[in-house]
Amino acid sequence: MELKDELPLDHKLAQVYRWGAAFCGVVLLAFGCLGLADQLSPFNTNGGQIAGMSTNGVLSLISVVVGLALVAGGVIGGNFASTLNMAVGALFLISGFVHVFILGKGAKVLDFGMTNVIFSFVMGLVILTFGMYGRVSSRLPHDNPYWRRRHPWEAAAEAAAHRALQTGSPTAIAQNAASEALGTGSQ
């Protein structure tokens with residue numbers, strides 16, 4: 001089984017992570033565009049400031065690219081947006097950890113300061129949360145598409161039971177009772 005088989009079709013919960021991450025992309029896009037408009041040199045580490053964070057030309061360009069990717073993910077939506085948000089959120093967290101360790105060293109080519117590190121952690125957690133919303137939990141509700149996709153037999157039994165109760169069919173009600181007795185019915 002492949003990962004794409006584990007992911008459900010688009011669901012109303014997708015709106016939360018789609019537009020939340022797209023908003024984060026707009027924030028990154030604004031930060032990057034302000035840095036590019038300031039004509040910062042690509043690898044300058046002298047502390048050019050935009051919105052209280054140090055930046056240079058490369059960091060501004062990376063911010064624009066990642067911001068555009070998040071906005072595009074918000075427009076495309078579905079499992080693509082969720083997966084993109086989880087990947088970008090994880091990269092932000094990794095970037096924050098890496099830059100914590102190189103703050104006072106000469107290796108800080110992106111001119112990260114402590115405010116950048118904190119921003120990276122916060123933005124990473126927010127985007128990662130948007131990517132995982134409705135997808136990762138130990139107790140997803142049975143109407144959640146991720147639960148249905150991971151438990152197809154139970155979902156089919158619940159759907160059959162729901163149809164039986166809707167139609168009032170004695171045969172379907174008996175089948176529902178039998179599936180509940182075997183432990184495959186609704187819980």
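**Note on the predicted model: helices, burial and contacts**

1. V126 sits in helix α5, which covers residues 114-132. This is a predicted model, and the points below should be read on that footing. V126 is partly exposed, at a relative accessible area of 32%. Together with M114, I118 and V122, V126 forms a nonpolar patch on the surface. The four residues have about 350 Å² of accessible area together. Membership of such a patch calls for over 30% relative accessible area, and V126 has 32%.

2. Now the overall layout. The protein has eight helices and two strands. Along the sequence the pattern reads α-α-β-β-α-α-α-α-α-α. Two helices therefore come before the strands, and six come after them.

3. Burial and surface come next. The protein has 187 residues, and 39% of them count as buried. The exposed area of the protein is about 10700 Å². Carbon and sulfur atoms supply 69% of that area.

4. How far apart in sequence are the residues that touch? Take the contacts between residues at least 6 apart in sequence: 69% of them join residues at least 24 apart.

5. Helix α4 runs over residues 78-101 and has 24 residues. From first C-alpha to last, α4 reaches 36 Å. That is close to the 34 Å expected at 1.5 Å a residue. Which residues of α4 are buried? They are G78, N79, A81, S82, L84, N85, V88, G89, F92, L93, G96 and H99.

6. L93 belongs to helix α4. L93 counts as buried because its relative accessible area is 17%, and the cut-off for buried is under 20%. Leaving out residues up to four places away in sequence, L93 touches S120, F121, G124, L125 and L128. The C-alpha atoms of L93 and V117 are separated by 9.0 Å. Those two residues are 24 apart along the chain.

7. S120 gives the view from helix α5. Is S120 buried or exposed? S120 is buried, with a relative accessible area of 2%. Beyond its neighbours within four places in sequence, S120 is in contact with F92, L93, S95, G96 and F112. The L93 contact list includes S120, and the S120 list includes L93. F92, L93 and G96 are also among the buried residues of α4.

8. T129 is another residue of helix α5. T129 is partly exposed, with a relative accessible area of 49%. The cut-off for exposed is over 50%, so T129 at 49% stays in the partly exposed class. Where does T129 lie with respect to G20? Their C-alpha atoms are separated by 9.7 Å, while the two residues are 109 apart along the chain.

9. G35 is part of helix α2, residues 14-37. G35 counts as buried, at 1% relative accessibility. G35 and T55 are 20 residues apart in sequence. In space they are 7.0 Å apart, C-alpha to C-alpha.

10. On cysteines: how many disulfides are there? The count comes to zero. A disulfide would need a pair of cysteine sulfur atoms within 2.5 Å. C24 counts as buried, at 5% relative accessibility. C33 counts as partly exposed, at 39%.

11. Helix α7 covers residues 152-167, which makes 16 residues. At 1.5 Å a residue α7 should span 22 Å, and its end C-alpha atoms are 22 Å apart, so the two values agree. The buried residues of α7 are A155, A157, E158, A161 and A164.

12. Back to α5 to close. V126 and T129 are both partly exposed, whereas S120 is buried. V126 belongs to the nonpolar surface patch, and S120 is in contact with residues including L93 and G96.

Conventions. Residues numbered from 1 in each chain as written. Predicted model: local features only at pLDDT ≥ 70, side-chain atom pairs only at ≥ 80, totals over all residues. Heavy atoms only, no water. Patch = residues over 30% accessible without salt bridge, like charges linked within 9 Å, V, L, I, M, F, W, Y side chains within 5 Å. Areas by Shrake-Rupley, 256 points an atom, 1.4 Å probe, with all protein chains shown as cover. Salt bridge = Lys/Arg side-chain N within 4 Å of Asp/Glu carboxyl O. Helix = DSSP H or I, 4+ residues; strand = E, 2+ residues; numbered from the N terminus. Buried < 20%, exposed > 50% of the residue type's maximum accessible area, 1.4 Å probe, protein only. Contact = heavy atoms within 4.5 Å. Expected span 1.5 Å × (residues − 1).
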